[in-house]
Amino acid sequence: MSNFELPVHVNPYQLADKETSLDGVISGSRLERLAQATAGEPSEASATLRFYRDESNRRVVAGQVKGVATVQCQRCLNTFGYELAGDFQLALVYNDEMSKALPAHLDALMLLPDEAMDVAEIVEEELLLCLPIHAKHPKGECRIETQFGEVGAEQETVKVPNPFDVLKDLK
């Protein structure tokens, strides 16, 4: 992976016609939705994007994304770094009929031919899909607190008068 910052916008139709590849990183500050969905600003994400035409002459954007997001463990409620990684294949379409005709292995990316694609948005969307439903530490790393309060300090129990003690005197 290259350490070059990926461009903000590209024209995927032109890149697919030229069979171009982009390799680089996206800073965590450009991944706003991922920061909102996790427990803090993510570190930079790396991505490899390949623009090409497939055997059916469809324009396709294929890629791999990797990153680390800070998530909250649902067992111990502590935060930890969760590694995100995913692959995707998006076919460029500009109407619903084209998207309905796509094979199952391709997802649709609705974009007009003269419209620019936001690279960070595509990478961020794929990273969001990689987030776990219930984040948990790996087995054996979770530190669940079973005792609360200071260790060794006993709490004083205050005896509260029972309101039904008055009924004993009525017999």
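**Figure 1. The hairpin of strand 4 and strand 5 holds a residue with a positive phi, Leu77.** In this predicted model, six residues sit between the two strands of the hairpin, and Leu77 takes a positive phi near 65 degrees. Here is some background for that angle: most residues other than glycine have a negative phi. Strand 5 covers residues 79–93, and it pairs with strand 4 in the antiparallel sense over 13 bridges. For one pair to look for, start at Gly63 and cross to its bridge partner in strand 5, Phe88.

**Figure 2. The hairpin of strand 3 and strand 4 brings us to Asn57.** How many residues lie between the strands of this hairpin? There are five, and Asn57 takes a positive phi near 65 degrees in this hairpin. Asn57 is a residue other than glycine, and its loop joins strand 3 (45–53) to strand 4 (59–72). The two strands run antiparallel to each other and pair over eight bridges. At one place along this pairing, Arg53 stands opposite Arg59 of strand 4. As you follow the chain here, keep a general pattern in mind: in a regular strand, side chains alternate between the two faces of the sheet.

**Figure 3. Strand 2 and strand 3 are antiparallel partners.** Six bridges link this pair of strands. Try finding Ser21, whose bridge partner in strand 3 is Arg50. Strand 3 also pairs with strand 4, again in the antiparallel sense, and strand 4 in turn pairs with strand 5 in that sense.

**Figure 4. Glu19 sits in a loop and has a positive phi.** Where along the chain should you look for Glu19? Glu19 is found between helix 1 (12–17) and strand 2 (21–26), in the loop that connects them. The phi of Glu19 is about 50 degrees, a positive value although Glu19 is not a glycine. Is Glu19 buried or exposed? Its relative accessibility is 55%, so Glu19 counts as exposed, given that the cut-off is over 50%.

**Figure 5. Ala104 is an exposed loop residue.** The loop that holds Ala104 runs between helix 3 (96–100) and strand 6 (107–110). Because its relative accessibility is 84%, Ala104 counts as exposed. Now look for Arg143, which is 39 residues from Ala104 along the chain. The C-alpha atoms of Ala104 and Arg143 are separated by 42 Å.

**Figure 6. Stepping back, the whole chain has five helices and seven strands.** In what order do the elements come? From the N terminus on, they run β-α-β-α-β-β-β-α-β-β-α-α. The chain is more spread out than a compact globule, because its radius of gyration is 27 Å, well over the 16 Å that the globule rule gives for 171 residues. Taken along the principal axes, the box filled by its C-alpha atoms is roughly 95 × 40 × 25 Å. Of the 171 residues, 33% count as buried. Among contacts in the chain with a separation of 6 or more, 55% come from residues 24 or more positions apart. The accessible surface comes to about 11700 Å², and carbon and sulfur atoms account for 49% of it. Finally, the chain carries 16 positive and 28 negative charges, and the mean positions of these two groups are 7 Å apart.

Note on methods
Residues are numbered from 1 along each chain as its sequence is written. This is a predicted model: local features need pLDDT of at least 70, side-chain atom pairs count only at pLDDT 80 or more; totals for chains, interfaces and linings use all residues. Side-chain values use heavy atoms; hydrogens and water are left out. Helices (H or I, at least four residues) and strands (E, at least two) are DSSP runs, numbered from the N terminus. Buried means under 20% relative accessible area, exposed over 50%, partly exposed in between (1.4 Å probe, protein chains only). The radius of gyration is taken over C-alpha atoms; the globule rule is 2.2 Å times the number of residues to the power 0.38. Contact means heavy atoms within 4.5 Å. Accessible areas come from the Shrake-Rupley method with a 1.4 Å probe; for residues, only the protein chains shown count as cover. Lys and Arg count as positive and Asp and Glu as negative; His and the chain ends are not counted. The place of a charge is taken as NZ of Lys, CZ of Arg, CG of Asp or CD of Glu. Two strands pair if DSSP finds at least two bridges between them.
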